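Please open the model in your viewer and keep the selection tool ready. This tour goes from one stop to the next, saying at each what to select and what is there.

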Amino acid sequence: MTARHGRFLGSGGGVVGRSGRRIADDLTEAGRGRRQGDSAVSRILFVEDEPRLLRAMRITLRARGHEVRVAADGRHALSEAAAVPPELVILDLGLPDMDGVEVITRLRSWTNAPIIVLSGRATGGDKIAALDAGADDYVTKPFSVDELLARMRAVTRRAAGPSSQPTVEIGDYLVDFGAKRVTARSGPPGDDRRATEDAAREAAGEAAAGERTAGEAAAGAPGGGEVHLTPTEWRVLEALARHPGRLVSQRELIRGVWGPGYPEDSSSARLYLNRLRRKLEPEPSRPRYLRTEPGLGYRFEP
Ligand code: CA
């Protein structure tokens, strides 16, 4: 989960515009504070046309041991990347000389390095275009340093290959992908809470099991401690949980689970996400682990 410290950057002359120096210091401090658990040192290409943001991020990323190269426009980004192939690219979509999506397309013609897009634009269309062109994730300006660092860790893990973690924790449950089993982690707390919720529903005159089917309720938490997932639910959950913290676009999820040629509308993905949330999330209507990025895709937040 991304801790948000309230240090925000960018957004066309917002916080960063007042004092580049102070914010650079803040960033360095933020960097020190969260060095633990950082991914391995990367060769990063940071492309951004706001000089103060560029400078501040160069300082903070270098303070964390990364090798950082910078470019202030698309042309320089491409020549810099060609000269020293980056292991990670962070790219502002709004560049003075060319569209960031064009930069992504050209980079993707020869490199698989993860690309994180910085976007100050309000519409989702640009983000979708960037993801379709091959970007791995995006961060909306103004962003917190912690959020960007979390996205960097997520895409770097993905680049390193599938997660070696055979299990993940979701709320009260331990999900074991190897054994294809979902079990209650500690039993009593979750069961008590769920029992309390069910009791509250009963008191309110609703069915105690809510929307769960009789079979699911029987296999579900109260008493049994094990939750049954269908094969498709397993595939959807795996597609998301394999890359903790990373955005999985709707197109990627649907192709991965149902194969190419399946209609890439959102209804199937949404249906299965809702089913998984009802089975696993502590509060299905306010998902904490299985998040929706409206119009873009889904994200498993560990
Ligand atoms: Ca810009």
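Select Leu118 in strand β5 and then Val139 in strand β6, because Val139 is the bridge partner of Leu118 there, where strands (E, at least two residues) and helices (H or I, at least four residues) are DSSP runs numbered from the N terminus. β5 and β6 (residues 137-140) run parallel and are joined by 4 bridges, and two strands are said to pair if DSSP finds at least two bridges between them. Before going further, note that this is a predicted model, in which local features need pLDDT of at least 70 and side-chain atom pairs count only at pLDDT 80 or more, while totals for chains, interfaces and linings use all residues. Residues are numbered from 1 along each chain as its sequence is written.

Keep Leu118 selected and add Asp92, which stands opposite Leu118. Strand β4 (residues 88-92) runs parallel to β5 and is joined to it by 4 bridges. If you follow the chain from β4 to β5, you pass through helix α5 (residues 100-108), and this β-α-β crossover is right-handed, meaning that, with the strands pointing away from the viewer, the path from the first strand over the helix to the second runs clockwise.

Now select the whole of β5, residues 115-119: is this strand enclosed or not by the rest of the structure? 5 of its 5 residues are buried, so β5 is largely enclosed; a residue is buried if 20 or more other C-beta atoms lie within 10 Å of its own, exposed if 12 or fewer, and partly exposed in between, with C-beta atoms placed from the backbone. In a regular strand the side chains alternate between the two faces of the sheet. On one side of β5 you find Ile115, Val117 and Ser119, and on the other Ile116 and Leu118, all of them buried.

Widen the selection to the open sheet of 5 strands, whose order is β3-β2-β4-β5-β6 and whose pairing is parallel. β3 (67-71) and β6 are the edge strands, each with a single partner strand, so one side of each has no neighbour in the sheet. From one strand to the next the twist averages 20°, with axes taken as lines fitted to C-alpha atoms, for helices over the stretch in contact, and angles running from 0 to 180 degrees between N-to-C directions. Toward the β3 end, select Leu45 and its bridge partner Arg69 in β3; strand β2 (residues 43-47) and β3 run parallel and are joined by 5 bridges. Helix α3 (residues 51-63) packs on this sheet and touches β2 and β3, its direction making about 170° with that of β3.

Next, select Lys141 and Pro142, whose peptide bond is cis, with omega near -5°. Pro142 lies in the loop between β6 and β7 (143-144).

Move on to the open sheet of 3 strands, which has the order β12-β14-β13 and antiparallel pairing. β12 (247-249) and β13 (290-293) are its edge strands, each pairing on one side only. Select Ser249 to find its bridge partner Gly297 in β14; β12 and β14 (residues 297-300) pair over 3 bridges in the antiparallel sense.

Two helices lie across strands of this sheet. Helix α10 (residues 231-241) lies across β12, β13 and β14, at about 75° to β14, while α11 lies across β12 and β14, at about 70° to β12. Select both helices together: their axes come within 9 Å and cross at roughly 135°. That angle makes α10 oblique to α11, since angles under 35 degrees count as roughly parallel, over 145 as roughly antiparallel, 65 to 115 as roughly perpendicular and the rest as oblique. Thr232, Arg235, Val236 and Ala239 of α10 make the contact with Leu253, Gly256 and Val257 of α11, two residues being in contact if their C-beta atoms, placed from the backbone, lie within 7 Å.

For the last stop, select Glu264, which is in the loop between α11 (250-258) and α12 (267-280). Glu264 counts as partly exposed because it has 16 C-beta neighbours inside 10 Å. Apart from its neighbours within four places in sequence, Glu264 is in contact with Gln250, Arg251 and Ile254. The C-alpha atoms of Glu264 and Arg251 are separated by 5.9 Å, although the two residues are 13 apart along the chain.
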